[in-house]
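Please work through the exercises below with the sequence and the 3D structure at hand, and try each task before you read its solution.

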Amino acid sequence: MRVMVLGATGFIGPAVLRRLAALGHEALAVSRHPIEGSGSLRGDRGDPGAIARLAGEQRIEAVIDLIAYTAAATEPLLQALAGNVGRYVLASSGDVYRQADGWRRKPGAGPPLARLTEDAPLRTNPHPYRGERPRAPDDPQAWMDDYDKIPIERAALAQPGLEAAVVRLPMVFGPGDRNRRFGWAIGPMLAGRPAIEVDAQWAAWRSTYGYVDDVAHAPALAAVHPAAAGRIFNAGPSDTPDHAAWAGRLARLIGWRGELRRVARQDVPQPLRGALDGLDLSYPLAMDTRRIRAELGYAEITAPDEALARTIADERSRAQFKS
């Protein structure tokens, strides 16, 4: 199968290309700028007609869209692709769930759920990252004011002439992660600190974290597996450790013998304390991934210790930890 990947130069994109190739399919990366290596095409996602023509010229059978952030930018693309490709795979997010409203202290969240299946209630508050005041037009994060995956999911699944699949991604970690999901633990451990002070709720909080290569396997499967048509899937590991357990795994691999010290939130050092401001950690973000395992045969491709070892090595390579 020939699969076009939009957003192939980002954090997850290269891993998706690798997974498609490993599954025996031809992956074509689309970018406005030249990409080194074979299998790349010049194209601008902001020009839906051009993307659809390119798909037709290249006999594309499926499109994986890793950069669908707003309905306004995505609905014209869906309409252009209809009738030109067989399947469209939307990389969505676990932030569609109503549980995320509770986590951000938004109204109407309801009681916390221990695990989130694909049928769990969705957010009722639109635009999860829009603040009280709009971002300035020249702010690089201005697009986040209109970000919302829920209307994009609905539009994709309802688009006539286009077979769609939705993959809701977890928090993703690994080499190249700009958010440095585990930097709060890896950094102090590599620095040899005797203790890491964390908020007690943060230590006990559970969220689904997926290693980048494993997460990339999910949209790749959704693009090529016949059973994925019209379906929504959560992606991520089957277990959801709390942060204290993640810290324990990291400490073992690093050889750190310090103490994870639980303190009041006001005593947590920056920048972690600032990251916790406004969050209600009584709401876990633990995603149930049994559906994708049962229906598509999904399984992780990276051993857990290897995933963390690569993440530690990436963090170690950053300037402040170089020897």
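**Exercise 1: the nonpolar cores**

Task: In this predicted model, find which residues Leu20 touches, not counting residues up to four places away in sequence.

Solution: Begin at Leu20 and list its partners, which are Val3, Val5, His25, Ala27, Ile64, Ala220 and Val224. Next, place Leu20 in its surroundings: together with Phe182 and Trp202, Leu20 is among the residues with the most contacts inside the largest nonpolar core, which has 69 residues. Helix 8, residues 212–224, gives the largest share of this core, namely 9 residues. Finally, look for another core lying apart from that one, which has 26 residues, including Met4, Leu28, Ala68 and Ile232.

**Exercise 2: positive phi values**

Task: Decide whether Arg105 is buried or exposed, and then examine its phi.

Solution: First, find Arg105 in the loop between helix 4 (98–103) and helix 5 (149–158). Since exposed means over 50% relative accessible area, Arg105 counts as exposed because its relative accessibility is 53%. Its phi is near 60°, a positive value in a residue other than glycine. Most residues other than glycine have a negative phi. His127, which is placed in the loop between helix 4 and helix 5, has a positive phi of about 50° although it is not a glycine. At 22% relative accessibility, His127 counts as partly exposed.

**Exercise 3: a cis peptide bond**

Task: Identify which residues are joined by a cis peptide bond.

Solution: Go to the loop between strand 11 (259–263) and helix 10 (272–276), where Pro271 has its place. The cis bond joins Gln270 and Pro271, with omega about 5°.

Key: Residues numbered from 1 in each chain as written. Predicted model: local features only at pLDDT ≥ 70, side-chain atom pairs only at ≥ 80, totals over all residues. Heavy atoms only, no water. Core = buried A, V, L, I, M, F, W, Y, C linked by side-chain atoms within 4.5 Å. Buried < 20%, exposed > 50% of the residue type's maximum accessible area, 1.4 Å probe, protein only. Helix = DSSP H or I, 4+ residues; strand = E, 2+ residues; numbered from the N terminus. Contact = heavy atoms within 4.5 Å.
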